[in-house]
Amino acid sequence: GNVGGLLCLDGIQSRMDEIVGLWETLVRATENKGSMLQEASQQQQFNRTVEDVELWLSEIEGQLMSEDYGKDLTSVQNLQKKHALLEADVASHQDRIEGIKLASAQFVERGHFDADNIKSKEVRCL
């Protein structure tokens, strides 16, 4: 009866090894999924920032396309004030643009699963 017992233990051991193997595979898959979800979340944030900047750029473009150069001194002075605010606005957005460039470079560097798409969005903002 002892041989049967050993065979049984052997079977249990190989089943245990199999289970441990499956567990390790599951753990790795979970980690991969977690990092993909994190990448996806970071990408969503990135996309929102890009969309904000694109919207802002189109507003700025609209203001710059204006043919209004003022009719008198007061209107010219008002336009100059508006232009100064516009320049300040552009300067303050410089950080966001730099942030987009940096985030895009990091995504590509880390081998983000959607790196090509991200890179093309960055280029649109520059």
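In this predicted model, the largest nonpolar core is made up of ten residues: Phe46, Val50, Val53, Trp56, Ile60, Leu86, Ile97, Ile100, Phe107 and Ile118. Two helices, α1 and α2, each supply at least two residues of this core. Helix α1 gives the most, with five residues.

Two members of that core deserve a closer look. The structure holds one aromatic pair. The ring centres of Phe46 and Phe107 lie 5.6 Å apart with the planes at 90°, and because an angle over 60 degrees counts as edge-to-face, that is the label for this pair. Phe46 belongs to helix α1 and Phe107 to helix α2, so the two rings tie together parts that are 61 residues apart in sequence. How buried or exposed are these two rings? Phe46 has a relative accessibility of 5%, so it counts as buried, and Phe107 is buried as well, with a relative accessible area of 6%.

Now for the charged side chains. Side chains of opposite charge can pair when their charged atoms come close. A search of the whole structure finds four salt bridges, and the table lists three pairs among them.

| Salt bridge | N to O distance | Relative accessibility |
|---|---|---|
| Arg15 and Glu18 | 2.9 Å | Arg15 44%, Glu18 46% |
| Arg96 and Asp52 | 3.4 Å | Arg96 32%, Asp52 41% |
| Lys71 and Asp68 | 3.8 Å | Lys71 74%, Asp68 39% |

Let us take these pairs in turn. Arg15 and Glu18 form a salt bridge with an N to O distance of 2.9 Å. Both residues lie in helix α1, three residues apart, about one turn of the helix. Arg15 counts as partly exposed at 44%, and Glu18 is partly exposed at 46%.

The side chains of Arg96 and Asp52 meet at 3.4 Å, N to O. What does this salt bridge tie together? Arg96 is in helix α2 and Asp52 in helix α1, so the pair ties together parts that are 44 residues apart in sequence. With 32% relative accessibility, Arg96 counts as partly exposed, and Asp52 counts as partly exposed too, at 41%.

Lys71 and Asp68 make a salt bridge at 3.8 Å, N to O. Here Lys71 is exposed, because its relative accessible area of 74% is over the 50% cut-off. Its partner Asp68 is partly exposed, with 39%.

Asp68 also leads us to the last topic, since this residue is one of those lining the largest pocket. That pocket has a volume of about 310 Å³. Which residues form its lining? They are Gln63, Leu64, Ser66, Asp68, Tyr69, Leu79, Lys82, His83 and Leu86. The elements that give two or more residues to this lining are α1 (2-65) and α2 (73-109). Helix α2 gives the most, with four residues. Sorted by class, the lining has four nonpolar, three polar and two charged residues.

Leu86 provides a link back to the start: this residue lines the largest pocket and is also a member of the largest nonpolar core.

Technical notes:
Residues are numbered from 1 along each chain as its sequence is written. This is a predicted model: local features need pLDDT of at least 70, side-chain atom pairs count only at pLDDT 80 or more; totals for chains, interfaces and linings use all residues. Side-chain values use heavy atoms; hydrogens and water are left out. On a 1 Å grid over the protein atoms alone, a cavity is a set of points where a 1.4 Å probe fits but cannot get out, and a pocket is an open set with protein on both sides within 12 Å along at least five of seven lines; lining residues have an atom within 4 Å of a point. Grid points are joined across faces, edges and corners, and a volume is the space filled by probe spheres set on the points. Ala, Val, Leu, Ile, Met, Phe, Trp, Tyr, Cys and Pro count as nonpolar, Asp, Glu, Lys and Arg as charged, and the others, Gly among them, as polar. Buried means under 20% relative accessible area, exposed over 50%, partly exposed in between (1.4 Å probe, protein chains only). Rings of Phe, Tyr and Trp (its six-membered ring) pair if their centres lie within 6.5 Å; planes under 30 degrees apart count as stacked, over 60 as edge-to-face and the rest as tilted. A nonpolar core is a set of buried Ala, Val, Leu, Ile, Met, Phe, Trp, Tyr and Cys residues joined through side-chain atoms within 4.5 Å.
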